[in-house]
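Please work through the exercises below with the coordinates open, and try each task before reading its solution.

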Amino acid sequence: ESGAATGTGSPAATVSGAGDAANGEQLARSKGCAGCHGQDFGGGAGPDWIGLAGSDVELTNGSVVVADTAYLTRAIAVPSAELVAGYNLKMPANGLSDAEIADIVAFIETLDG
């Protein structure tokens, strides 16, 4: 018994950190995230993902938010909602499903600094 899920993911992705980090890494590479966030996710045209989860993020409006699961989910689902200060390019809409977003968030949460 490996305990590995054989389904296609949770039917209703929630903000509970239930994503599949390994699948999230594959998605981040196949969906083009690495093109802006760096091949090693250490940043580029887009913000660094390494050490991002749980850190303070300054937004263009001057406010600071914690990059918790809810923030990361929003940032991917609605890229134009809360823009990170210091980056001129805006993240494009991505068409990811809730389950795919949960997986990518789970992957980001594994990237300790």
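The exercises that follow concern a predicted model, and each task is followed by a worked solution.

**Exercise 1. Characterise the largest pocket by its volume, its lining and the helices that supply that lining.**

Solution. Begin with the size: the largest pocket has a volume of about 690 Å³. Next, list the lining, which comprises 34 residues, with His37, Gly46, Pro47, Trp49 and Met91 lying nearest the centre of the pocket. Sorting the lining by class then gives 23 nonpolar, seven polar and four charged residues. Finally, assign the lining to elements: helix 2 (33–37), helix 3 (69–77) and helix 4 (98–108) each contribute at least two residues, and the largest share, four residues, is that of helix 3.

**Exercise 2. Determine whether His37 is buried or exposed, and describe its surroundings.**

Solution. First locate His37, which belongs to helix 2. Its relative accessibility is 9%, and because buried means under 20%, His37 counts as buried. Then look for the polar partner of the side chain, which reaches the backbone oxygen of Pro47 at 2.7 Å. Setting aside neighbours within four places in sequence, the contacts of His37 are Gly42, Gly43, Gly44, Gly46, Pro47, Trp49 and Met91.

**Exercise 3. Establish how many residues of helix 4 are buried, and which helices they pack against.**

Solution. Counting along helix 4, eight of its 11 residues are buried, so that the helix is mostly covered. Among these buried residues are Asp103, Phe107 and Ile108. The partners against which the buried residues of helix 4 pack are helix 1 (21–30), helix 2 and helix 3.

**Exercise 4. Examine the backbone and the environment of Phe41.**

Solution. Place Phe41 in the loop between helix 2 and strand 1 (56–58). The phi of Phe41 is near 65°, a positive value in a residue other than glycine. For comparison, most residues other than glycine have a negative phi. The relative accessible area of Phe41 is 1%, and Phe41 is therefore buried.

**Exercise 5. Find how many salt bridges there are, and describe each pair.**

Solution. The count comes to two salt bridges. One of them joins Glu25 to Arg29, with the closest N and O atoms 3.2 Å apart; both residues lie in helix 1, four residues apart, about one turn of the helix. Glu25, at a relative accessible area of 30%, is partly exposed, and Arg29, at 39%, is partly exposed. In the other, the side chains of Arg74 and Glu82 meet at 3.1 Å, N to O; Arg74 is partly exposed at 39% relative accessibility, and Glu82 is partly exposed at 23%.

Conventions. Residues are numbered from 1 along each chain as its sequence is written. This is a predicted model: local features need pLDDT of at least 70, side-chain atom pairs count only at pLDDT 80 or more; totals for chains, interfaces and linings use all residues. Side-chain values use heavy atoms; hydrogens and water are left out. On a 1 Å grid over the protein atoms alone, a cavity is a set of points where a 1.4 Å probe fits but cannot get out, and a pocket is an open set with protein on both sides within 12 Å along at least five of seven lines; lining residues have an atom within 4 Å of a point. Grid points are joined across faces, edges and corners, and a volume is the space filled by probe spheres set on the points. Ala, Val, Leu, Ile, Met, Phe, Trp, Tyr, Cys and Pro count as nonpolar, Asp, Glu, Lys and Arg as charged, and the others, Gly among them, as polar. Buried means under 20% relative accessible area, exposed over 50%, partly exposed in between (1.4 Å probe, protein chains only). A polar contact is a pair of N or O atoms within 3.5 Å; within protein, one must be able to donate a hydrogen and the other to accept it, and residues adjacent in sequence count only if both atoms are side-chain atoms. Contact means heavy atoms within 4.5 Å. A salt bridge is a side-chain nitrogen of Lys or Arg within 4 Å of a carboxyl oxygen of Asp or Glu.
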